[in-house]
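Visitor: I have a structure to go through at the bench. Can you take my questions one by one?

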Amino acid sequence: MQHGRSLFNRIVIGLFLLFSSTTAMASQDTIKIALNYPETGPYRKEGKDQWKAAYLAKNEINAAGGILNKQIELITYDTKSSAPLAANNAAQAIDVEGVKMVFGGSSSAVAVAVSKVCQKKGTIFFGTLTYSTTVTGTEGRRHTFRECYDSWMAAKAMSSYLNKNFSGKKFFYITADYTWGWTTEASLRKFSGTEDESVHKGVLTPFPSNDFTAALKKAQQERPDVLVLVLFGQEMANAVRSAHKMGMKDRMQILVPNLTIGMAERGGPRAMEGVVGTLPWCWQIPYKYNYPRGIEFVEDFQKEHQRYPSTSAASAYTIMYEYKAAVERAGSFDSARVIRALEDHPYQLLKDKQVWRDFDHQSVQTVYVVRCKPRDEVIKNKYNLDYFDIIDSLPGNLAVITRREWNDARKAAGKPTHLERLPGE
């Protein structure tokens with residue numbers, strides 16, 4: 001009987017050691033990356049596209065051998081577009097899961113909160129859909145990179161169009177009351193010459209909001225030539241549909257400074273017709289300018305999901321490949337070495353050339369101005385998603401904030417004119 005127990009114990013111990021060894025080997029053969037995105041909440045559609053594109057990239061990279069021979073394990077968290085929740089998610093991903101990189105998000109408040117956590121813990125963070133100038137400006141950090149453009153770049157591109165077509169006209173702003181809204185409105189006012197708020201009035205709306213009737217009525221009373229909706233995601237869709245029902249589109253030009261295909265889709269082809277906005281990428285761009293890798297991404301994405309990818313998807317997909325490339329240049333997953341491999345590095349994937357600028361970690365890139373097509377053209381498309389005519393563009397080096405302007409903003413905020421030092425610097 002004692003011999004039987006001893007044999008049983010040896011078998012149990014043997015199985016435990018085998019399981020532990022297998023688990024350890026599996027752990028050694030994988031690299032964990034965290035996608036911290038809005039699965040629910042007002043920006044959920046933008047978040048879902050990040051999820052789809054991240055998994056597409058993960059599967060492609062793993063099939064090609066992974067990163068430094070390690071397979072990617074993608075850990076996902078729902079931010080609900082809540083900055084405190086997103087920060088907690090990032091801390092858990094790093095401390096519990098041991099992730100080497102965090103990316104995602106569709107809110108600048110979220111991006112700033114996650115950036116602080118990742119800087120403290122020495123983990124790289126890529127902002128995926130975050131437009132506030134603060135993210136790589138006054139809140140810029142050495143461990144944070146932004147793949148999309150920012151409000152400053154969008155405003156520069158938009159103002160070029162506005163100054164040609166609406167110089168001297170009256171504007172009215174309806175703006176989401178948080179960091180992205182504030183910096184977007186401020187940038188657009190600066191470059192469009194509408195800084196006089198006694199003439200070009202506006203109203204702030206709580207975030208999140210569902211009903212914009214009161215704000216739109218204030219705009220109606222002012223009779224502007226241009227109505228600027230500094231709103232994003234479902235909020236923009238709700239506001240533009242209300243504006244359409246109120247007949248405002250017949251009397252004024254509607255602008256949406258930062259636009260995505262998901263936002264246009266939620267607004268609907270009738271309400272969105274003629275709306276002008278900017279974006280860093282849309283699915284038509286690779287075809288219009290003949291970018292083969294971008295075309296391949298669009299076609300692979302639509303085969304899997306029966307729709308076209310959005311700006312949000314393109315950014316998430318690009319981040320995965322750019323992190324892989326930087327790790328391989330560094331020959332290591334060590335954050336400091338990967339950061340140095342990213343800084344001042346040019347890259348090209350889904351559009352024309354971009355560069356990770358060294359002093360602020362902003363991806364410098366072309367900005368596109370688009371006008372939403374007539375309803376009949378939109379619905380001819382097999383997915384009803386052919387929303388945008390590309391009507392203008394601005395090269396990244398002309399759109400982006402300069403080093404002097406960046407320095408001035410940092411000084412005004414009491415911040416140093418350089419990001420944090422890495423070990424050994």
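Guide: What follows is a round of short questions and answers on this predicted model.

Visitor: Which residues have the most contacts inside the largest nonpolar core?
Guide: Nonpolar side chains tend to be buried together in soluble globular proteins. Here the largest nonpolar core has 119 residues. Those with the most contacts inside it are Phe 103, Phe 126, Leu 227, Phe 297, Tyr 323 and Phe 388.

Visitor: Which helix gives the most to this core?
Guide: The helix in question spans residues 311-330. It gives 11 residues to the core. The name is helix 13.

Visitor: What does Phe 297 touch, not counting residues up to four places away in sequence?
Guide: Phe 297 is among the residues with the most contacts inside the largest core. Leave out residues up to four places away in sequence. Its contacts are then Ala 53, Leu 56, Trp 281, Pro 309, Ala 313, Ala 314, Tyr 317 and Leu 350.

Visitor: How many residues are in the second, separate core?
Guide: This core includes Ile 75, Ala 86, Ala 93 and Val 135. Its count is 19 residues.

Visitor: Which residue is the bridge partner of Val 102 in strand 4?
Guide: Strand 3 covers residues 101-104 and pairs with strand 4 in the parallel sense. Four bridges join the two. The partner of Val 102 is Phe 125.

Visitor: Are the residues on the two faces of strand 4 buried or exposed?
Guide: Strand 4 runs over residues 124-127. One side carries Ile 124 and Phe 126, the other Phe 125 and Gly 127. Both faces are covered, and these four residues are all buried.

Visitor: Is Asn 36 buried or exposed?
Guide: Asn 36 sits in strand 1, residues 30-37. It touches residues including Val 102, Phe 103 and Gly 104. Its relative accessibility is 3%. The cut-off for buried is under 20%, so Asn 36 counts as buried.

Visitor: Which strands stand at the edges of the sheet in the order 11-12-13?
Guide: Three strands form this open sheet, and the pairing is antiparallel. An edge strand has a single partner strand, so one side of it is left without a neighbour in the sheet. That holds for strand 11 (345-347) and strand 13 (363-364).

Visitor: What is the bridge partner of His 345 in strand 12?
Guide: Strand 12 takes in residues 354-356. Three bridges join it to strand 11, and the two run antiparallel. The partner of His 345 is Trp 356.

Visitor: What separates the C-alpha atoms of Val 364 and Val 400?
Guide: Val 364 lies in strand 13. At 12% relative accessibility, it counts as buried. Val 400 is one of the residues it touches, along with Met 153 and Gly 396. The two valines are 36 residues apart along the chain, and their C-alpha atoms are separated by 6.6 Å.

Visitor: Where is Met 248, and which residues does it touch?
Guide: Met 248 is in the loop between helix 8 (233-245) and strand 9 (253-258). With 0% relative accessibility, it counts as buried. Beyond four places in sequence, its contacts are Leu 216, Ala 219, Gln 220, Leu 227 and Ala 243.

Visitor: How many residues line the largest pocket, and which lie nearest its centre?
Guide: About 310 Å³ of space lies in this pocket. Helix 6 (179-192) and helix 17 (403-412) each give two or more residues to the lining. By class, the lining has five nonpolar, seven polar and five charged residues. It has 17 residues, with Thr 133, Trp 152, Ile 401, Glu 405 and Ala 409 nearest the centre.

Visitor: Which helix gives the largest share of the lining of the largest cavity?
Guide: About 90 Å³ of space lies in this cavity. Its lining divides into five nonpolar, five polar and two charged residues. Among them are Thr 311, Ala 314, Ser 315 and Thr 318. The largest share, four residues, comes from helix 13.

Visitor: How many charged residues line the second largest cavity?
Guide: About 60 Å³ of space lies there. The lining includes Tyr 43, Ser 106, Tyr 178 and Phe 232. By class, it has six nonpolar and four polar residues, and the charged count is none.

Key: Residues numbered from 1 in each chain as written. Predicted model: local features only at pLDDT ≥ 70, side-chain atom pairs only at ≥ 80, totals over all residues. Heavy atoms only, no water. Pairing = 2+ DSSP bridges. 1 Å grid on protein atoms, 1.4 Å probe; cavity = no way out; pocket = protein on both sides within 12 Å on 5 of 7 lines; lining within 4 Å. Points joined across faces, edges and corners; volume = space filled by probe spheres on them. Nonpolar A, V, L, I, M, F, W, Y, C, P; charged D, E, K, R; others polar. Core = buried A, V, L, I, M, F, W, Y, C linked by side-chain atoms within 4.5 Å. Buried < 20%, exposed > 50% of the residue type's maximum accessible area, 1.4 Å probe, protein only. Contact = heavy atoms within 4.5 Å.
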